[in-house]
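Trainee: Could you walk me through this structure, one point at a time?

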Amino acid sequence: MWNPPPLVVVLLAQLGDGPGHTNGVVEAQIGRNAQLDLVLLQRERDEHFHVSNVACRIERDGRLRAHTLTTGGALVRNDLDVLLADCLLYTSDAADEEDS
C-alpha cells in the first residue's frame, strides 16, 4: 500500500483594497527518512508588497519538495533557508588532485 507524504498548502493573500505588506513565515522540521510536500500560493494585488521565508531543518535521508505559485505583487521576495542536519559533506582538496 502506497503511503503518500504529508502535503501542506499555505495560502498568503491580501484581503481588502489598496497597498499593503505581507510577511509570511513557514517553519518545518523534517525527521530521518521523512518527506514533506509544501505548496505556497501567493495572491497579492499589484500594489502590494510580499516577503516570505520558508525555514526547514532536514535530518538524514529527509526530503523536502517545495513549490511556489505567485500572482500579482509590486515586489515579491521568497527566501528558502534549509539546514541539512546530520549530513556528511565531501569535498576534494586541490592539492590531492593529479593532473594528467
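What follows is a set of questions and answers on this model.

Mentor: Two ground rules come before the questions. This is a predicted model, where local features need pLDDT of at least 70, side-chain atom pairs count only at pLDDT 80 or more, and totals for chains, interfaces and linings use all residues. Residues are numbered from 1 along each chain as its sequence is written, and side-chain values use heavy atoms, with hydrogens and water left out.

Trainee: What is the strand order in the open sheet of 3 strands?

Mentor: Strands here are DSSP runs of E, at least two residues long, numbered from the N terminus. Two strands pair if DSSP finds at least two bridges between them. The pairing in this open sheet is parallel, and the order is 2-4-6.

Trainee: Why is one side of strand 2 and of strand 6 left without a neighbour in the sheet?

Mentor: Strand 2 covers 20–30 and strand 6 covers 75–84. Each stands at an edge, so each has a single partner strand.

Trainee: What is the average twist from one strand to the next?

Mentor: Axes are lines fitted to C-alpha atoms, and angles run from 0 to 180 degrees between N-to-C directions. On that basis, the twist from strand to strand averages 10 degrees.

Trainee: How many bridges join strand 4 to strand 6?

Mentor: Strand 4 spans residues 48–58 and runs parallel to strand 6. One facing pair is His50 and Val76, the latter in strand 6. The bridges joining the two strands number 10.

Trainee: Which residues does Val76 touch, not counting those up to four places away in sequence?

Mentor: Contact means heavy atoms within 4.5 Å. Val76 counts as partly exposed because its relative accessibility is 30% (buried is under 20%, exposed over 50%, partly exposed in between, with a 1.4 Å probe and protein chains only). Val76 and Gln42 are 34 residues apart in sequence, with 9.4 Å from C-alpha to C-alpha. The residues touched are Gln42, His50 and Thr70.

Trainee: How many salt bridges does a search of the whole structure find?

Mentor: A salt bridge needs a side-chain nitrogen of Lys or Arg within 4 Å of a carboxyl oxygen of Asp or Glu. One of them joins Arg77 and Asp79, N to O at 3.0 Å. Searching the whole structure gives 4.

Trainee: Which residue forms a salt bridge with Asp17?

Mentor: The closest N and O atoms of the pair are 3.0 Å apart. Asp17 sits in the loop between strand 1 (7–13) and strand 2, and its partner sits 28 residues away in the loop between strand 3 (35–43) and strand 4. Asp17 is exposed at 68%, while the partner is partly exposed at 37%. That partner is Arg45.

Trainee: Is Asp37 buried or exposed?

Mentor: Asp37 lies in strand 3 and pairs with Arg65 of strand 5 (residues 63–71), 28 residues apart. Their salt bridge is 2.8 Å, N to O. Arg65 is partly exposed at 43%. Asp37 has a relative accessible area of 13%, so Asp37 is buried.

Trainee: Which side chain makes a polar contact with that of Glu59?

Mentor: Glu59 is in the loop between strand 4 and strand 5. Its relative accessibility of 19% makes Glu59 buried. A polar contact is a pair of N or O atoms within 3.5 Å; within protein, one must be able to donate a hydrogen and the other to accept it, and residues adjacent in sequence count only if both atoms are side-chain atoms. Here the distance is 3.3 Å, and the partner is Gln29.

Trainee: Which elements give two or more residues to the largest nonpolar core?

Mentor: A nonpolar core is a set of buried Ala, Val, Leu, Ile, Met, Phe, Trp, Tyr and Cys residues joined through side-chain atoms within 4.5 Å. The largest has 10 residues, among them Val10, Val26, Leu40 and Val54. Leu40 is in contact with Val10, Val26 and Val54, among others. The contributing elements are strand 1, strand 2, strand 3 and strand 4.

Trainee: What is the phi of Asn33?

Mentor: Most residues other than glycine have a negative phi. Asn33 lies in the loop between strand 2 and strand 3 and is exposed at 55%. Its phi is positive, at about 60 degrees.

Note on methods:
Helix = DSSP H or I, 4+ residues; strand = E, 2+ residues; numbered from the N terminus.
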